[in-house]
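Welcome, and thanks for opening the viewer. Please load the chain, switch on a cartoon view, and keep your selection tool at hand for the stops below.

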Amino acid sequence: MDQQLGADYERETHAPFMDSLTGLFNHGFFLACLDWEIRKSKRYGDPLTLAFIDIDSYANYNKQYGPVQGDRTLREIAGLIKENIRQSDLAARYVNDRFAVILIKSDNHFSSMERIRSSIAEVYGGSLTVSVGIASFPSDATDQQSLIAKAQEALFQAKIRGKNKLFFYKKEESPSDIQKPKVLVVDDQQFNLKILEHMLIPLQYEVYRAYSGEEALYLVNKVDMDLVIMDIVMPGLDGYEVCRRLKESESTRLIPVILLTSLDEIDAKIKGIEAGADDFIHKPVNRMELLARTSSLLKVKALNSNLTSIENVLISLANIVEAKDAYTQGHIQRVSSMAVDLGRRMGLSVREIGAIRLGGILHDIGKITIPGEILNKPGPLDKREWEIMKSHADIGYKVCLPLQKTLGPALEAIRHHHEKLDGSGYPDGIKGEEISLVSRIMGVADIFDALLTDRPYRKGMPKEKAFAILFKEAEDGKLDKRVVECLQKMVNG
């Protein structure tokens, strides 16, 4: 990095350009350098990449091991980041446990970021991981602000997809970019693959081949498939196991799967249904039957993709809401993860767990209409301000209502996560069993995280004090004591 730029920064700001804890550049100098590099990129045409690296569940780690160990860990991770980038690149401590890396003259950003992610996971034995969000200039953004926003959006997507991941910002496709439906055919016999391909190509499908279950899984993770047509009997991973794995993965569960079988029809269908198959075709394949079922499932896939896109819009809005409030950074992701773990421990169904995950991410989306001066007010809200703040539950519900069939119980959690068992909550004042278990779990997780974290009007408190407050609320008949007790056992191990 140009030393003159650092000297100019210190002279103009009367402040150092290094972060004293990590030895990386600080937030202000990072922004100055990013602005400088973007201007150079516009002038000379060289691309650059921005990556945000966030330590997963760092707040819990810091509370468990203490601030001294937490600071030591920040320094260690900063060192691992510096070890895995080029001298020409710039690494900075962006804020708290989030780092930023500017990769100069580069849009080939996978290798260095993957080295950072994997080296951190290896050093800490998987007990501490990082998520990485990546965006490039000028391909993804036209200025500094949009580049930062898109890298942060990519980071958020990495977080909600399970953490310890890299995620690249994805642009929306224009109508002219929309490609033919991608269909993967899987069979260990080359002759059978050629027959299937010959049947499908006249329909303007883009057909991919795989000769084994292992190769099919590899291709699905590399290419955004719209349909999989697969033989059941194959060496290695058979069609049942491949189908099961596809349906268990969040990223591939919406891909329709047709199983081809020459086995006993009843037994094969039962096993296929258990594996999650969407349809079955008996061998030898009838061309008209294949084309009819393929066309039908591709329409289903397109509909599901549209619903997922709308869901992602809501998630992006939730991310924007969180960005408005500097004191709730990471709140929605933490609440979602905590509520999901609670739901699993309390024996909720797969559908309810999915609702908790989405409800946790979207529960504060109604705050998009709350003025920033109220969200960040460094003191108690007055009566008028409190009424405005309380409106976020109803507003969030109305924002998400068009997706009620997709969101299911999550919609209740968005509206009712501030309701109390004694009827003193809002927005509806419902009580007791009128409040779903999903909403009660969400409410406890939301309060617990809020008590632990710094807010404009107070510092975060120790978990012991937070639990004392939760149990007092439970004794007063406001919170579900079973949920509070389960959370305490979960947090204390």
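**Stop 1: a single glutamine**

Start by selecting Gln333, a buried residue with a relative accessible area of 11%. The cut-off for calling a residue buried is under 20%, so Gln333, at 11%, falls on the buried side. Keep in mind as you look around that this is a predicted model. Color the helix that holds your selection: Gln333 sits in α12, which spans residues 331–345. Now show the side chains around Gln333. Which residues is Gln333 in contact with, once its neighbours within four places in sequence are left aside? They are Lys159 and Lys163.

**Stop 2: the whole chain**

Zoom out for a moment. The protein chain has 21 helices and ten strands. Of its 493 residues, 49% are buried. If you draw the contacts between residues at least 6 apart in sequence, 64% of them join residues at least 24 apart.

**Stop 3: the mixed sheet**

Next, select the five strands of an open sheet in the order β2-β3-β1-β4-β5, where the pairing is mixed. Find its edges: β2 (90–95) and β5 (166–168) each pair on one side only. Looking along the sheet, you will find neighbouring strands turned against each other by 20° on average, with direction ignored.

Go to β1, residues 48–55. How many of its eight residues are buried? The count is eight of eight, which leaves β1 mostly covered. Turn on its side chains and view the strand edge-on: Leu48, Leu50, Phe52 and Asp54 point one way, while Thr49, Ala51, Ile53 and Ile55 point the other, and both sets are buried.

Now look at what pairs with β1. Strand β4 (residues 130–137) runs antiparallel to β1, and eight bridges join the two. To see one position in that pairing, pick Ile55, which stands opposite Val130 in β4. Strand β3 (residues 98–103) also pairs with β1 in the antiparallel sense, over six bridges. Here, select Phe52 and look across to Ala100, its bridge partner in β3.

Step on from β3 to β2: these two pair in the antiparallel sense over five bridges. A good pair to label is Arg93 and Phe99, with Arg93 standing opposite Phe99 in β3.

**Stop 4: helices on the mixed sheet**

Add α2, residues 27–44, to your selection. This helix lies across β1, β2, β3 and β4 and runs at about 130° to β2. Then add α4, which lies across β1, β2 and β3 and runs at about 15° to β3.

Stay with α4 (residues 67–83) and bring in α3 (residues 58–65): the two helices pack at an angle of about 130°, with their axes 6 Å apart. That angle makes α3 oblique to α4. Show side chains for Tyr58, Tyr61, Asn62 and Tyr65 of α3, which meet Pro67, Gln69, Gly70, Asp71, Thr73 and Leu74 of α4. By type, this contact divides into five nonpolar residues, four polar and one charged.

**Stop 5: the parallel sheet**

Hide that region and select the other open sheet, with five strands in the order β7-β6-β8-β9-β10 and parallel pairing. Why do β7 (206–210) and β10 (279–282) each have one side without a neighbour in the sheet? They stand at the edges, so each has a single partner strand. The twist averages 20° from one strand to the next.

Within this sheet, select β8 (residues 227–231) and β9 (residues 257–261), which run parallel and are joined by four bridges. Asp231 is the residue to label here, standing opposite Leu260 in β9. Then add α7, residues 190–200, which packs on the sheet and touches β6 (182–186), β7, β8 and β9; the direction of α7 makes about 170° with that of β7.

**Stop 6: a helix pair to finish**

Finally, select α19 (residues 437–452) and α21 (residues 481–492). Their axes come within 10 Å and cross at roughly 50°, which makes α19 oblique to α21. The crossing is right-handed. Display Leu437, Arg440, Ile441, Val444 and Phe448 in α19, which meet Arg482, Val483, Val484, Leu487 and Val491 in α21. This contact divides into eight nonpolar residues, no polar ones and two charged.

Note on methods
Residues numbered from 1 in each chain as written. Predicted model: local features only at pLDDT ≥ 70, side-chain atom pairs only at ≥ 80, totals over all residues. Heavy atoms only, no water. Axes fitted to C-alpha atoms, helices over the stretch in contact; angles between N-to-C directions. Parallel < 35°, antiparallel > 145°, perpendicular 65-115°, else oblique. Left-handed = near helix turned anticlockwise from the far one by under 90°. Contact = heavy atoms within 4.5 Å. Nonpolar A, V, L, I, M, F, W, Y, C, P; charged D, E, K, R; others polar. Buried < 20%, exposed > 50% of the residue type's maximum accessible area, 1.4 Å probe, protein only. Pairing = 2+ DSSP bridges.
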